[in-house]
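Here are my notes on the model you sent, set out as numbered points. They cover the main pocket first and then some of the helix packing.

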Amino acid sequence: MDYKALAANVENREGFGTQEWVYRVLRAGIVNGALPGGMQLKQDEISAALNVSHIPVREALRQLEAQQLVTIHANRGATVTELSRDMLINCMQVRAAISTAMLAIAVPRMTQEDFDELDAILEEQRKTADTMPTEHLNERFHDRLTAKANNPVADMLMEIIQANINRYLRTGFYSDAAERELSVTEHEKILDACKAGDADLAVKLLQAHIMDATALIPESIQ
């Protein structure tokens, strides 16, 4: 694995501690699929490629383990975590529960500025076809949609869950034109309910939007 190439696609190293930078490099590789589930992560190889000592690599792997992205085996090193279909469905269920709870709180607090920002994201989504930008715009929409809930704990949990979900749904969801179109249309309906101040409808639409995506889990995942 060319870890140097992975590092080149991550934010500039300046401003990050060594451990945080290594963590960001490895996390980005896992989330974008460059480091697939089941792949062994060798500390010696990573240390040499990134020109860092073993300590920040080991701590970065532990941080990734806490996010369920890496599994550390006693005396056998670390591997990228593989999720089963049941685990992915569990992730989607938890995501739906947290997201809808946050949206119910957020809707009464939303302002015209929030609606304008969400409309701008939707406009970008309509113009974007490439997989990674589409994925990032989708995340931005969902993050902005629930931002007014002001719940940093929920935000932290959502980041972990979303990182695990995206690496498995990327091909079936973000890369398919019909699915992208359907997703944006559903986003518009959710936003319209928010603009109308109808939190119950917005929550109902968001719940269905998230759970319908379970149908896009690749058949190869059992």
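1. The lining of the largest pocket is mixed in character: ten of its residues are nonpolar, eight are polar and nine are charged. Bear in mind throughout that this is a predicted model.

2. In volume, the largest pocket holds about 670 Å³ of space. Its lining is made up of 27 residues, and those nearest the pocket centre are R27, E139, D143, E159 and Q162.

3. Which helices supply the lining of the largest pocket with at least two residues each? They are α2 (18–31), α5 (85–106), α7 (131–145) and α8 (152–174). The biggest share of the lining comes from α7, which gives eight residues.

4. Two of these pocket helices, α2 and α5, also appear in the packing described below. Two packed helices are described by the angle between their axes and the distance between the axes.

5. For α2 and α4, the axes are 8 Å apart and the packing angle is about 50°. An angle of 35 to 65 degrees falls in the oblique class, so α2 and α4 are oblique to each other. Their crossing is right-handed. On the α2 side the contact uses T18, Q19, E20, V22, Y23, L26, R27 and I30, and on the α4 side P56, V57, E59, A60, L61, Q63 and L64. By class, the residues of this α2 and α4 contact are nine nonpolar, three polar and three charged. R27 thus has two entries in this note: it is among the residues nearest the centre of the largest pocket, and it is part of the α2 contact with α4.

6. Helix α4 (residues 54–66) also packs against helix α3 (residues 43–50), here at about 120° and with the axes 9 Å apart. This pair is therefore oblique as well, and α3 passes α4 in a right-handed crossing. The α3 residues Q43, D44, I46 and S47 meet H54, V57, R58 and L61 of α4. The contact of α3 with α4 comprises three nonpolar, three polar and two charged residues. V57 and L61 of α4 take part in the contact with α3 and also in the contact with α2.

7. How are α5 and α10 oriented to each other? The axes of α5 and helix α10 (residues 199–212) cross at roughly 160° and come within 9 Å. With over 145 degrees as the cut-off, the two helices are therefore roughly antiparallel. The crossing of α5 past α10 is right-handed. M92, Q93, R95, A96, S99, T100, L103 and A104 of α5 make the contact with A199, A202, V203, L206, Q207, I210 and M211 of α10. Ten nonpolar residues, four polar and one charged make up this contact of α5 with α10.

Methods
Residues numbered from 1 in each chain as written. Predicted model: local features only at pLDDT ≥ 70, side-chain atom pairs only at ≥ 80, totals over all residues. Heavy atoms only, no water. Axes fitted to C-alpha atoms, helices over the stretch in contact; angles between N-to-C directions. Helix = DSSP H or I, 4+ residues; strand = E, 2+ residues; numbered from the N terminus. Parallel < 35°, antiparallel > 145°, perpendicular 65-115°, else oblique. Left-handed = near helix turned anticlockwise from the far one by under 90°. Contact = heavy atoms within 4.5 Å. Nonpolar A, V, L, I, M, F, W, Y, C, P; charged D, E, K, R; others polar. 1 Å grid on protein atoms, 1.4 Å probe; cavity = no way out; pocket = protein on both sides within 12 Å on 5 of 7 lines; lining within 4 Å. Points joined across faces, edges and corners; volume = space filled by probe spheres on them.
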